[in-house]
Amino acid sequence: ILNKATKTYLDNFLNKETLALHIRGGDIVYSNIRMSYLFAFQTKATPIEIALEIIEQNPLSDIVLFSDNKIVLGKIIDYYKERNRNNLYNSVDFIPEGLNYTQRALFEVQFMSHFTKIYSPSGFARLASLLSRAEEPLKWGDIFTDEQKYSILKKNFDKVVVHPLQ
């Protein structure tokens, strides 16, 4: 699985400026106990509006989106396809058929570890970044000032319509 992930990266992105962007959904966004995560939101999740800004700031990079929410990924990719941006990809499209949940996770972490830049505060992205370069991934909470975050959220609000909790 690890070799397949490396080969997949090399076959598709060798010698290209690549960016991995992990948009965590799941329990931190949707669970009934999500309010208990509120203090850790900036250190775990990436709002859609922030993800859009990272994509906008990297127009020449090939970007692969990772998430446990396939619907959100599809909507973001569709939004950019309508704007003729063709260097944005869904990580799911690279995962071999027939893998179980654990195998898929191993594939994705290894695949992500090869990217030039990894954006996300999630543990998933952190593991991939630590494996490949022994450093933390790029975290949106550290990249943007509070004023920039507010401006980005306001500017990108409802560009991609997703579930209200997302």
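This report describes two helices, the nonpolar cores and some aromatic pairs of one structure. The model is a predicted one, and every value below was computed from it.

**Helices H3 and H4**

Helix H3 covers residues 48–56, and because eight of its nine residues are buried, it is largely enclosed by the rest of the structure. The buried residues of H3 are Ile48, Glu49, Ile50, Ala51, Leu52, Glu53, Ile54 and Ile55.

Helix H4 covers residues 70–81, and at 1.5 Å a residue its 12 residues should span 16 Å, which agrees with the 16 Å between its end C-alpha atoms. Within H4, Val72, Leu73, Ile76, Ile77, Tyr79 and Tyr80 are buried. Viewed down the axis of H4, these buried residues fall within an arc of 155°, so they line one face of the helix. In an α-helix there are 3.6 residues a turn, so residues three or four places apart point the same way. Lys70, Ile71 and Lys81 are exposed on the other side of H4, while the buried residues of H4 pack against strand S1, helix H3, strand S2 and strand S3. The N-terminal end of H4 is capped by Asn69, which has a side-chain oxygen 3.1 Å from the backbone nitrogen of Ile71.

**The nonpolar cores**

The largest nonpolar core has 24 residues, and those that touch the most other members are Leu21, Ile48, Ile54, Ile55, Leu65, Ile76 and Leu88. Two or more residues of this core come from each of S1, H3, S2 and H4. Leaving aside residues up to four places away in sequence, Ile76 touches Ile23, Ile48, Leu52, Ile55, Leu65, Leu88 and Val160. There is also a second, separate core of 17 residues, and among them are Ala5, Phe13, Ala20 and Ile95.

**Aromatic pairs**

The structure holds 14 aromatic pairs, and two that are edge-to-face are set out here.

| Pair | Centre to centre | Angle between planes |
|---|---|---|
| Phe13 and Tyr89 | 5.6 Å | 75° |
| Phe66 and Phe115 | 6.1 Å | 90° |

The first pair links distant parts of the chain, with Phe13 in helix H1 and Tyr89 in strand S3, 76 residues apart. Phe13 is buried at a relative accessible area of 1%, whereas Tyr89, at 26% relative accessibility, counts as partly exposed. In the other pair, Phe66 lies in strand S2 and Phe115 in the loop between helix H5 and strand S4, so the pair ties together parts that are 49 residues apart in sequence. Phe66 is buried, with a relative accessible area of 0%, and Phe115 is buried with a relative accessible area of 0%. These four residues belong to one aromatic cluster, formed by Tyr9, Phe13, Phe66, Tyr89, Phe94, Phe107, Phe111 and Phe115.

Terms used
Residues are numbered from 1 along each chain as its sequence is written. This is a predicted model: local features need pLDDT of at least 70, side-chain atom pairs count only at pLDDT 80 or more; totals for chains, interfaces and linings use all residues. Side-chain values use heavy atoms; hydrogens and water are left out. Buried means under 20% relative accessible area, exposed over 50%, partly exposed in between (1.4 Å probe, protein chains only). Helices (H or I, at least four residues) and strands (E, at least two) are DSSP runs, numbered from the N terminus. The expected span of a helix is 1.5 Å times one less than its number of residues. The arc is that of the directions from the helix axis to the C-beta atoms. Contact means heavy atoms within 4.5 Å. A polar contact is a pair of N or O atoms within 3.5 Å; within protein, one must be able to donate a hydrogen and the other to accept it, and residues adjacent in sequence count only if both atoms are side-chain atoms. A nonpolar core is a set of buried Ala, Val, Leu, Ile, Met, Phe, Trp, Tyr and Cys residues joined through side-chain atoms within 4.5 Å. Rings of Phe, Tyr and Trp (its six-membered ring) pair if their centres lie within 6.5 Å; planes under 30 degrees apart count as stacked, over 60 as edge-to-face and the rest as tilted.
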